[in-house]
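User: I would like to go through this model with you one question at a time, with the reasoning spelled out before each result.

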Amino acid sequence: MNNLPKCPACGSEFTYEDNMMYVCPECAHEWAKDGTVEDSSDVRIVKDANGNVLQDGDTVTVIKDLKVKGSSSVVKVGTKVKIIRLVDGDHDIDCRIDGIGAMKLKSEFVKKT
């Protein structure tokens with residue numbers, strides 16, 4: 001029987017133990033076993049152009065033609081980008097686009113699908 005606590009960040013019941021911490025595999029939130037919860041005010045929430053919260057592994061669609069810096073290529077409207085990864089910085093989405101390769105996108109130019 002699983003007696004582990006639910007994730008305080010997202011409420012997931014699929015938490016697991018890792019040394020002296022509990023970890024949520026759905027939102028990647030970690031907290032101490034002794035019950036102390038760190039201040040989560042520094043947690044960055046990334047939203048798409050419509051205000052939907054993005055997470056690692058989501059699939060998004062580009063909503064505007066985007067020029068690829070240093071190339072004559074263009075990422076066209078409607079291009080689907082699978083398995084995104086959220087990163088810190090001005091361009092907050094790290095991804096791989098078919099036909100172009102690895103690149104970073106701003107979340108304001110995509111929508112969650």
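**Cysteines, strands and surroundings**

User: How many disulfides does a search of the whole structure find?
Analyst: This is a predicted model, and a disulfide is counted where two cysteine sulfur atoms lie within 2.5 Å. Cys 7 is in no disulfide, since its nearest cysteine sulfur, that of Cys 27, is 3.6 Å away. For the whole structure, the number of disulfides found is zero.

User: Is Cys 7 buried or exposed, and what of Cys 95?
Analyst: A residue counts as buried when its relative accessible area is under 20%. Cys 7 has a relative accessibility of 4%, so Cys 7 falls in that class. Cys 95 has a relative accessibility of 6%, and therefore Cys 95 also counts as buried.

User: How many helices and strands does the secondary structure of the protein chain come to?
Analyst: Read from the N terminus on, the elements of the protein chain run β-β-β-β-β-β-β-β-β-β-β. The secondary structure therefore comes to zero helices and 11 strands.

User: Which strands stand at the edges of the open sheet that contains strand 9?
Analyst: Strands of a sheet pair through backbone hydrogen bonds, either parallel or antiparallel. In this open sheet of three strands the order is 8-9-10, with antiparallel pairing. One side of each edge strand is left without a neighbour in the sheet because each has a single partner strand, and these edge strands are strand 8 (85–86) and strand 10 (101–105).

User: Which residue of strand 10 stands opposite Asp 94, and which stands opposite Ile 97?
Analyst: Strand 9, residues 93–97, pairs with strand 10 in the antiparallel sense over five bridges. Opposite Ile 97, the residue in strand 10 is Gly 101. Opposite Asp 94, the residue in strand 10 is Lys 104.

User: Which residue in the hairpin of strand 9 and strand 10 takes a positive phi?
Analyst: The hairpin has three residues between its strands, and the positive phi in this hairpin is near 85°. The residue that takes this phi is Gly 99.

User: What is the order of the open sheet that includes strand 4, and which residue is the bridge partner of Val 62 in strand 11?
Analyst: Three strands form this open sheet in the order 7-4-11, with antiparallel pairing. Its edge strands are strand 7 (80–81) and strand 11 (110–112), each of which pairs on one side only. Strand 4 and strand 11 run antiparallel and are joined by three bridges. In strand 11, the bridge partner of Val 62 is Val 110.

User: Where is Thr 61 placed, and which residues is Thr 61 in contact with, leaving aside its neighbours within four places in sequence?
Analyst: Thr 61 has its place in strand 4, which covers residues 60–62. With a relative accessible area of 9%, Thr 61 is buried, because the cut-off for that class is under 20%. Leaving aside neighbours within four places in sequence, the contacts of Thr 61 are Gly 78, Thr 79, Lys 80, Phe 109, Val 110, Lys 111 and Thr 113.

User: Is Met 20 buried or exposed, and which residues is Met 20 in contact with, leaving aside its neighbours within four places in sequence?
Analyst: Met 20 is found in the loop between strand 1 (16–18) and strand 2 (21–23). Its relative accessibility is 62%, and the class begins over 50%, so Met 20 counts as exposed. Leaving aside neighbours within four places in sequence, Met 20 is in contact with Ala 32 and Lys 33.

User: How far apart in space are Met 20 and His 91, C-alpha to C-alpha?
Analyst: In sequence, Met 20 and His 91 are 71 residues apart. In space, their C-alpha to C-alpha separation is 34 Å.

User: Which rings make up the one aromatic pair?
Analyst: The count of aromatic pairs comes to one. Its ring centres are 5.6 Å apart and its planes stand at 40°, so the pair is tilted, and the rings belong to Tyr 22 and Trp 31. Tyr 22 is buried at 15% relative accessibility, and Trp 31 is buried with a relative accessible area of 5%. The two rings asked for are those of Tyr 22 and Trp 31.

User: What radius of gyration does the protein chain have?
Analyst: The C-alpha atoms of the protein chain fill a box of roughly 55 × 30 × 25 Å along the principal axes, and 27% of the 113 residues count as buried. A compact globule of 113 residues would have a radius of gyration near 13 Å, but the protein chain has 17 Å.

Terms used. Residues are numbered from 1 along each chain as its sequence is written. This is a predicted model: local features need pLDDT of at least 70, side-chain atom pairs count only at pLDDT 80 or more; totals for chains, interfaces and linings use all residues. Side-chain values use heavy atoms; hydrogens and water are left out. Two strands pair if DSSP finds at least two bridges between them. Helices (H or I, at least four residues) and strands (E, at least two) are DSSP runs, numbered from the N terminus. Buried means under 20% relative accessible area, exposed over 50%, partly exposed in between (1.4 Å probe, protein chains only). Rings of Phe, Tyr and Trp (its six-membered ring) pair if their centres lie within 6.5 Å; planes under 30 degrees apart count as stacked, over 60 as edge-to-face and the rest as tilted. Contact means heavy atoms within 4.5 Å. The radius of gyration is taken over C-alpha atoms; the globule rule is 2.2 Å times the number of residues to the power 0.38.
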